[in-house]
Amino acid sequence: MITFLLSFVALVIGYLVYGKVIERIFGPDDRQTPAVKVNDGVDFIVLPGWKIFMIQFLNIAGTGPIFGAIMGAKFGPAAYLWIVLGCIFAGAVHDYLSGMLSMRNNGAGLPEIIGLYLGQPTKKVMLVFSVFLLMMVGAVFVYSPALILGKICSDDLTWVYIWCGIIFVYYLIATMMPIDKIIGKIYPLFAISMLFMAVALAFVLIYKWPSLPELSDGLTGEGYNTPIFPALFITIACGAISGFHATQTPLMARCVKHEKMARPLFYGAMITEGVVALIWATVSMYFFYGGAAQELGQPLTLQAPEVVTTVSQGWLGTFGGILALLGVVAAPITSGDTALRSARLIVAEFIHLEQRSIPKRLMICIPLFAVTLLLLFFNIENPDGFNVIWSYFGWANQTLAVFTLWAITVYLVRQRKLFWVTLLPAIFMTVVCSSFLMVSKNAFGFDMMVGYGVGGAALIVSIAWFFGWYNKERKKLPVRPIKE
């Protein structure tokens, strides 16, 4: 528990100190934001700061910091280090700067930002990559809540299909409607419930004060032999750094009234997500290593959604069961609808199709939803469909973060700003994703040493590429920073 408390304090200090450093490096000012300048009444709308924070938190969180932290806790105390260091120095920086770049470019989506700084060919690749990733999010976040709700109604698979249909209808409505009509009204309520559940569990942990693995005992958990690198850094994504966030921050970047509001909204939301991940990692260590599973009469083989339900009901009673249901049902649904909304806007931006009129929104939504339905069908019909899609999503998610960090690094270099703050995370995540692609069973499935070799090569190549480009770019830069 000492490691947990120190980690919590570190996250708070990280927001207060390093978050301020990052804000000063970027330099927000008083220029008009897209919410004020464009204001189309659908996607560009000025919203109150507290509402933007709640929506942003739920957009980027969903069940990610819960499920990822539960699975990542099996690696032992190393999970604490990755959540804290990843969140402060990579994830929150990634979210804040991608949000600010979106605002500086009239609310541009991720592929557009990547195209501006990494070139048009990369933009086209990232367009396909990010839209497919968002459709995968929509598919997996339909099936998991539909499965839970279906089992509540009956063991008949028909109910799963019925709930899939109901959730899909909601997706279509939420994706089509102005952002303040549905998302702006219900998201803050779900975000509050998720935060309340995390805080309540934190108090239970402090009250029980269980004996848990500490960093002083070593990085890995007892009896856990899976190498930490690179698997831990893919398993815990949303609680540390996640490329999916860069597809979501433009949604709220289009609703911010002043640039100076952005640090608590983007950097702060990510730190909050890190706190939630920290709490669930600690709960899980108690469950797997501290005897909580035996106390609750459950086996150690429970999957992440079952751990959420068991712990919430066992520690918080009926109210905890309701919160758990919101967590494993409502949270993924809300992540799915904003994912598809982001996909609609990314495609619309690429083909230059305005989104004020409903028919033009439908022109994009219909094919988008059709492909998502095909992915959902594969998810349901294939016994291992969920795991396969989720595995690809995990790697694709972190790969998206790699491209986002490199794009931000190029921006910082061209503006003569301190680029090391994103260069180091960019290089690290490049190595992680390259290594994982080699060793993952759903990719090449090579031996771990091959993964390490490829990761080492990626390290050398990325450093050489960057500094070769940097030396050429520096000669072209003016003496003073470019005024945007």
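These legends go with a set of close-up views of a predicted model.

**View 1. Helix α3, and what surrounds it.**
Here we zoom in on α3, which runs over residues 49-61. With 13 residues at 1.5 Å each, this helix should span 18 Å, and its end C-alpha atoms do sit 18 Å apart, so expectation and model agree. Of those 13 residues, 11 are buried, so α3 is largely enclosed by the rest of the structure. The buried set is Lys51, Ile52, Phe53, Met54, Ile55, Gln56, Phe57, Leu58, Asn59, Ile60 and Ala61. What does the covering? Among the elements over these buried residues are α4 (64-72), α5 (78-104), α9 (183-208), α11, α12 (262-289) and α14. Look just past the end of α3 as well: Gly62 has a positive phi there, about 55 degrees.

**View 2. Where α3 crosses α14.**
One of the helices covering α3 is α14, and this view goes to their crossing. The axes of α3 and α14 are 8 Å apart and make an angle of about 95 degrees. An angle from 65 to 115 degrees counts as roughly perpendicular, and that is how α3 sits relative to α14. On the α3 side the contact uses Leu58, Asn59 and Ala61, which meet Thr334, Ser335 and Thr338 of α14. Sorted by class, the contact has two nonpolar residues, four polar ones and no charged ones.

**View 3. Where α11 crosses α14.**
Now for another helix packed on α14: α11, residues 244-253, against the 304-351 stretch that makes up α14. Their axes lie 9 Å apart, at an angle of about 75 degrees, so α11 and α14 are roughly perpendicular too. From α11 come Phe244, Thr247, Gln248 and Leu251, and from α14 come Ser335, Thr338, Ala339, Arg341, Ser342 and Leu345. The class tally for this contact is four nonpolar, five polar and one charged. Ser335 and Thr338 may look familiar, since they also turn up in the contact with α3.

**View 4. An edge-to-face pair between α1 and α5.**
The model has 28 aromatic pairs, and this view picks out Tyr18 with Phe89. Their ring centres are 4.7 Å apart with 65 degrees between the planes, making the pair edge-to-face. Tyr18 belongs to α1 (residues 2-26) and Phe89 to α5, so the pair ties together parts that are 71 residues apart in sequence. How buried or exposed is each partner? Tyr18 is buried, at 17% relative accessible area, while Phe89 is partly exposed at 37%.

**View 5. A tilted pair, and the ring cluster it belongs to.**
Phe419 and Phe466 make a tilted pair, 5.4 Å centre to centre and 50 degrees between the planes. Phe419 sits in the loop between α16 (385-414) and α17 (420-439), and Phe466 in α18, so to speak a link across 47 residues of chain. Both Phe419 and Phe466 are buried. Pull back a little and the pair turns out to have company: ring pairs join Trp406, Phe419, Trp420, Trp465, Phe466, Phe467, Trp469 and Tyr470 into a cluster.

**View 6. Val450 in α18.**
The last view stays with α18, residues 448-476, and goes to Val450. This residue is partly exposed, with a relative accessible area of 37%. For a sense of scale, take Gly321: Val450 is 129 residues from Gly321 in sequence, and their C-alpha atoms are 45 Å apart in space.

Definitions and conventions: Residues are numbered from 1 along each chain as its sequence is written. This is a predicted model: local features need pLDDT of at least 70, side-chain atom pairs count only at pLDDT 80 or more; totals for chains, interfaces and linings use all residues. Side-chain values use heavy atoms; hydrogens and water are left out. Axes are lines fitted to C-alpha atoms, for helices over the stretch in contact, and angles run from 0 to 180 degrees between N-to-C directions. Helices (H or I, at least four residues) and strands (E, at least two) are DSSP runs, numbered from the N terminus. Angles under 35 degrees count as roughly parallel, over 145 as roughly antiparallel, 65 to 115 as roughly perpendicular and the rest as oblique. Contact means heavy atoms within 4.5 Å. Ala, Val, Leu, Ile, Met, Phe, Trp, Tyr, Cys and Pro count as nonpolar, Asp, Glu, Lys and Arg as charged, and the others, Gly among them, as polar. The expected span of a helix is 1.5 Å times one less than its number of residues. Buried means under 20% relative accessible area, exposed over 50%, partly exposed in between (1.4 Å probe, protein chains only). Rings of Phe, Tyr and Trp (its six-membered ring) pair if their centres lie within 6.5 Å; planes under 30 degrees apart count as stacked, over 60 as edge-to-face and the rest as tilted.
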